[in-house]
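Student: Please take a close look at the salt bridges in this model. I would like the pairs, their places in the fold and their exposure.

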Amino acid sequence: MRRTAPLALAGALALSALALGGCENTVYQRGFAATPGSVEKLEVGAQSREDVVRLIGSPSAVASFNPNIWYYISETQEYWAYTKPKISSQKVIQVTFSESGRIEAIKNYDLKDAQDIQMVQRITPTSGKELTILEQVLGNVGRFTGPKQSGGTPGAPTSGGGI
């Protein structure tokens with residue numbers, strides 16, 4: 001009995017260490033990651049689109065209806081063990097270009113500027129009649145028959161285009 005107690009204790013400690021090892025905070029960085037100081041080098045009226053791409057890279061997104069607005073988006077998510085990931089920080093840099101192709105405005109947005117968007121819960125009706133399970137089962141009775149046999153021997157070649 002004396003030998004089993006230390007072994008059981010050692011086993012319990014090892015199991016708890018493994019269980020707690022999976023419970024550490026996990027951080028994911030997604031999206032745009034500029035090199036330090038590169039965004040600060042952007043100047044209104046000074047750089048062109050090509051200069052911006054060379055300096056900080058291509059945009060994460062371009063505005064759908066205005067190709068002169070570029071977005072650089074980054075997000076940090078954290079979660080602990082098996083909990084749902086939580087957004088801990090979010091940055092969006094909006095670079096607007098003039099018609100001549102020079103930077104016209106630079107705006108910075110963060111998590112406090114974000115807005116929750118509610119999805120529309122509409123259902124599109126389908127055409128036709130909705131059948132109950134009983135109607136579906138009884139509606140298929142007698143519809144299916146065995147394979148139709150031609151007059152010849154099963155598996156024998158049929159006439160047409162032969163020798």
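Tutor: Arg 102 forms a salt bridge with Asp 51, and their closest N and O atoms are 3.9 Å apart. The cut-off is 4 Å. Keep in mind that the model is predicted. Arg 102 lies in the loop between β4 (86-97) and β5 (103-110), while Asp 51 belongs to helix α2, so the pair ties together parts that are 51 residues apart in sequence. Arg 102 is partly exposed, at 36% relative accessibility. Asp 51 is partly exposed too, with a relative accessible area of 22%. Buried would mean under 20%.

Asp 51 has another partner. It forms a salt bridge with Arg 54, and here the closest N and O atoms are 3.3 Å apart. This contact stays inside one element: both residues lie in helix α2 (residues 49-56). They sit three residues apart, about one turn of the helix. Arg 54 is exposed, with a relative accessible area of 63%. The exposed class starts over 50%.

Now the wider count. A search of the whole structure finds three salt bridges. Two have been described above, Asp 51 with Arg 54 and Arg 102 with Asp 51. Lys 112 and Asp 110 make another, at 3.7 Å from N to O. Lys 112 is exposed, with a relative accessible area of 70%. Asp 110 counts as partly exposed, at 32% relative accessibility. As for shared partners, salt bridges join Asp 51, Arg 54 and Arg 102 into one network. The general idea is simple: side chains of opposite charge can pair when their charged atoms come close.

For contrast, turn to a nonpolar part of the surface. Ile 133, Leu 134, Val 137, Leu 138 and Val 141 form a nonpolar patch there. Together they have about 560 Å² of accessible area. One of them, Leu 138, is found in helix α3 (residues 133-139). Leu 138 is exposed, with a relative accessible area of 55%.

Back to your request, in brief. Asp 51 is the partner of Arg 54 in one salt bridge and of Arg 102 in another. The Arg 54 contact lies in helix α2. The Arg 102 contact ties the helix to the loop between β4 and β5.

Key: Residues are numbered from 1 along each chain as its sequence is written. This is a predicted model: local features need pLDDT of at least 70, side-chain atom pairs count only at pLDDT 80 or more; totals for chains, interfaces and linings use all residues. Side-chain values use heavy atoms; hydrogens and water are left out. A salt bridge is a side-chain nitrogen of Lys or Arg within 4 Å of a carboxyl oxygen of Asp or Glu. Helices (H or I, at least four residues) and strands (E, at least two) are DSSP runs, numbered from the N terminus. Buried means under 20% relative accessible area, exposed over 50%, partly exposed in between (1.4 Å probe, protein chains only). Patches are made of residues with over 30% relative accessible area and no salt bridge: like charges are joined within 9 Å, nonpolar side chains (Val, Leu, Ile, Met, Phe, Trp, Tyr) within 5 Å. Accessible areas come from the Shrake-Rupley method with a 1.4 Å probe; for residues, only the protein chains shown count as cover.
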